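This report describes the arrangement of a protein–DNA model, element by element. The account begins with a single backbone feature and proceeds outward from there.

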There are 2 protein chains.
Amino acid sequence: MPDENPTEGGVVAERLTHLFNTVHPAGRKPYSTAEVAKAINEKAGERILSPTYLWQLKSGKRTDPTHSRLMALADFFGVPVAYFYEDDTARRTDEQLELATALSNPSIRQLALAANGLSDGTLNALLAMIQSARHIEGLDPASDDGA
Amino acid sequence: MPDENPTEGGVVAERLTHLFNTVHPAGRKPYSTAEVAKAINEKAGERILSPTYLWQLKSGKRTDPTHSRLMALADFFGVPVAYFYEDDTARRTDEQLELATALSNPSIRQLALAANGLSDGTLNALLAMIQSARHIEGLDPASDDGA
DNA sequence: TAGTTCCGTCAACCAAAGTGAATGTGAGGA
DNA sequence: TCCTCACATTCACTTTGGTTGACGGAACTA
């Protein structure tokens, strides 16, 4: 039988795809499966998974990985293991994912920490400044899908 | 032959054995593997694992179960999945998420997100501005404990 | 246009996870 | 003593997680 159903086929696939699309250094296109596999293996110092298998997981051909491999993946993307299976963990994590990648830039982390405690008025003024800077540098307006 | 080498079979076996020994209704002897397997399968409404396999995990003959099975076991014994592994991975990701939640001020979130992708020069300029704003508003200079 | 490289995709294969059925053993019970 | 029941243990077998190697297409270069 042709398995078309994307939700039944695998939550893991869905979440993984989402991670690939969203978690990557700014100004860079998404990681390839080969890159991620290589990074994971090198960090671990042993072979954890192959590029092909990672692709199979991502595309739903394989659905239920060994816990140790899932841990390695979660670690790489900086999400808790439960992200791949539990809905509200995923939702909460997603909200923080974009912020977390932004904060992987040391300058931005510094910025955020420095801004902590400032009055709302000042924060708004700063935000306005940043928005025009984005415009000047030819970036998209920052998405503000506030909770 | 005396007790098997406890490290040989892996952490999972050790933890699982401990759970079998300690987690059971008072005034009752420990669950048998068959009991646990049956309980898990009945609760799930489908076959998750066999008694034999559970015993193999417990005794270290099998070491790296599928994540879904591990979840079922953790659920039965009422422990988090991470319990079965020496999970400093989990601890590290948790810390990461803490940083994100710590910055729960929506304005600062917005600020950080908007700043994402800006050039280093602009970021430095912004940081300088923020620093003087702190001064003006009578706040301490932002601590910059790097790393 | 041809050569190179990287990537996603696929199919055949291998190894390890997971099962079923049989054997051994000790505790009751008639 | 013999039977039986519940459990741990073992092993040959099946299933599926995971790998290897190859192919075609897109992007870059000469």
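In this predicted model, H4(B) is followed by Gly78(B), a residue with a positive phi near 70°. In chain A, Gly78(A) comes just after H5(A) and takes a positive phi of about 70°.

The helices that precede these glycines contribute buried residues. In H4(B), the buried residues are His67(B), Leu70(B), Ala72(B) and Leu73(B). The buried residues of H4(B) pack against H5 of chain A and H2 of chain B. H5(A) is itself mostly covered, with eight of its eleven residues buried. These are His67(A), Leu70(A), Met71(A), Ala72(A), Leu73(A), Ala74(A), Asp75(A) and Phe77(A).

**Nonpolar cores**

The largest nonpolar core comprises 38 residues, and those touching the most other members are Leu70(A), Ala74(A), Val81(A), Tyr83(A), Phe84(A) and Val81(B). Two or more residues of this core come from each of helix H2 (11-22), H3, H4 and helix H5 (67-77) of chain A, and likewise from helix H1 (11-22), H2, H3 and helix H4 (67-77) of chain B. The greatest contribution to this core is that of H5(A), which gives six residues. Val81(B), beyond its neighbours within four places in sequence, contacts Val81(A), Leu70(B), Met71(B) and Ala74(B). Another core, of 19 residues, lies apart from it and includes Leu111(A), Ala114(A), Leu111(B) and Ala115(B). In soluble globular proteins, nonpolar side chains tend to be buried together.

**Surfaces near the DNA strands**

The residues around each DNA strand are set out below.

| DNA strand | Residues around it | Nearest residues |
|---|---|---|
| Strand C | 20 residues | Ser32(A), Ser50(B), Tyr53(B), Pro65(B), Thr66(B) |
| Strand D | 20 residues | Ser50(A), Thr52(A), Tyr53(A), Pro65(A), Thr66(A) |

For strand C, the elements giving two or more residues to the nearby surface are helix H3 (33-44) and helix H4 (51-59) of chain A, together with helix H3 (51-59) of chain B. By class, the surface near DNA strand C has five nonpolar, ten polar and five charged residues. For strand D, at least two residues each are supplied by H4 of chain A and by helix H2 (33-44) and H3 of chain B. The surface near DNA strand D is made up of five nonpolar, ten polar and five charged residues.

**Chain A: fold and annotation**

Chain A contains eight helices and zero strands, and along the sequence its pattern reads α-α-α-α-α-α-α-α. Of its 147 residues, 31% count as buried. Among chain A contacts between residues at least 6 apart in sequence, 42% join residues at least 24 apart. An unreviewed UniProt entry places the feature "domain: HTH cro/C1-type" at residues 49-84 of chain A. That span is 56% helix and 0% strand, and its end C-alpha atoms lie 17 Å apart.

**Confidence in chain A**

What is the average pLDDT of chain A? Chain A averages 79, and 76% of the residues score at least 70. Among the elements of chain A, H4(A) has the highest mean pLDDT, 96, whereas helix H1 (residues 6-9) has the lowest, 42. Over residues 1-9 of chain A the pLDDT is below 50, and this stretch has four contacts in the model beyond near neighbours in sequence. Where pLDDT is low, the predicted coordinates should not be read in detail.

Notes
Residues numbered from 1 in each chain as written. Chains lettered and ligands numbered in written order. Predicted model: local features only at pLDDT ≥ 70, side-chain atom pairs only at ≥ 80, totals over all residues. Near = placed C-beta within 6 Å. Helix = DSSP H or I, 4+ residues; strand = E, 2+ residues; numbered from the N terminus. Nonpolar A, V, L, I, M, F, W, Y, C, P; charged D, E, K, R; others polar. Core = buried A, V, L, I, M, F, W, Y, C linked by C-beta atoms within 7 Å. Buried ≥ 20, exposed ≤ 12 C-beta atoms within 10 Å, placed from the backbone. Contact = placed C-beta atoms within 7 Å. UniProt positions renumbered as here; feature names shortened; annotations may be inferred. pLDDT = per-residue confidence, 0-100.
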